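This note is offered to a colleague who is meeting the structure for the first time. The points below may be read alongside the sequence and the model.

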Amino acid sequence: MDTKQGASGGDVLTDNDRFWAKVQKTDSCWLWVGANNGQGYGALKVSGRNVRAHRYAYTLHKGPIPEGLCVCHTCDVRNCVNPDHLWIGTMADNNLDKEIKGRANHPKGDKHGRRKNPLAFLGVCKTPSAKVTEVQVKSMRALRAMGFKVRQIAKLHGVKLKTARGIVSPGSTCWVSAR
Ligand SMILES: [Zn+2]
């Protein structure tokens, strides 16, 4: 396991213990208050390797991240490690997500931890109870095209199987852009 022995032989802290010691939960986001990697993402060392805190959080709660894919935030708070705010997409999805947020979101008056998601105003997903953004819809469809199973896609995006199925089925009208 990932148990580490302190130099003195006294403290035995697991990677998990060190992770949770740096998380401050709010009503929505779980904020990483440990080191950051210089770009606003939380950073920690796991088994001697530098890992982004939100990626670690995803792995911890939801399982391994498929090779080559990114962990994106629905909340747009880079140091947030709440697994409910994390979804898996391709690098292209991640860039598109940033681009749309950058356009829609002018950097005034942001309070940490509770930003409004600007994507919410750009369109609407008609699937009841689906809390997904346009980029997530695109990403789910891209993952499907890459051969991922609907069940995996639902898991990767943290949505119900029914929701994922509604989004990736051919001819789905789930996402209607308002732009
Ligand atoms: Zn968050």
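1. A residue counts as exposed here if 12 or fewer other C-beta atoms lie within 10 Å of its own, as buried if there are 20 or more, and as partly exposed in between. The model under discussion is a predicted one.

2. Ser47 is a suitable place to begin. With 8 other C-beta atoms within 10 Å, Ser47 falls under the cut-off and is therefore exposed. Ser47 lies in the loop between β5 (43–46) and β6 (49–52). Although Ser47 is not a glycine, its phi is positive, at about 50 degrees.

3. A positive phi, of about 65 degrees, is also found at Gly158, just after α5.

4. Helix α5 (residues 150–157) packs with helix α4 (residues 134–145) at an angle of about 145 degrees, and the two axes are 10 Å apart. The crossing of α4 and α5 is right-handed. On the side of α4 the contact is made by Gln136, Met140, Leu143 and Arg144, and on the side of α5 by Ile153, Leu156 and His157. Of these contact residues, four are nonpolar, two are polar and one is charged.

5. Which residues of α5 are buried? They are Ile153, Ala154, Leu156 and His157. Viewed down the axis of α5, these buried residues fall within an arc of 165 degrees, so they line one face of the helix. The general background is that an α-helix has 3.6 residues a turn, so residues three or four places apart point the same way. The cover over the buried residues of α5 includes β8, α4 and α6 (161–168).

6. Strand β8 (residues 86–89) sends Leu86 and Ile88 one way and Trp87 and Gly89 the other way, and all of them are buried. Strand β7 (residues 70–73) pairs with β8 in the antiparallel sense over four bridges. In this pairing, His73 stands opposite Leu86 in β8.

7. Is Ile65 buried, exposed or partly exposed? Ile65 has 16 C-beta neighbours inside 10 Å and so counts as partly exposed. Its place is in the loop between α2 (53–62) and β7. Neighbours within four places in sequence aside, Ile65 is in contact with Arg55, Tyr58, Thr59, Val71 and Ile88. Ile65 and Leu156 are 91 residues apart along the chain, and their C-alpha atoms are separated by 8.2 Å. Leu156 is one of the buried residues of α5, and Ile88 is one of the buried residues of β8.

Conventions
Residues are numbered from 1 along each chain as its sequence is written. This is a predicted model: local features need pLDDT of at least 70, side-chain atom pairs count only at pLDDT 80 or more; totals for chains, interfaces and linings use all residues. Axes are lines fitted to C-alpha atoms, for helices over the stretch in contact, and angles run from 0 to 180 degrees between N-to-C directions. Helices (H or I, at least four residues) and strands (E, at least two) are DSSP runs, numbered from the N terminus. A crossing is left-handed if the near helix is turned anticlockwise from the far one by less than a right angle, and right-handed if clockwise. Two residues are in contact if their C-beta atoms, placed from the backbone, lie within 7 Å. Ala, Val, Leu, Ile, Met, Phe, Trp, Tyr, Cys and Pro count as nonpolar, Asp, Glu, Lys and Arg as charged, and the others, Gly among them, as polar. Two strands pair if DSSP finds at least two bridges between them. The arc is that of the directions from the helix axis to the C-beta atoms.
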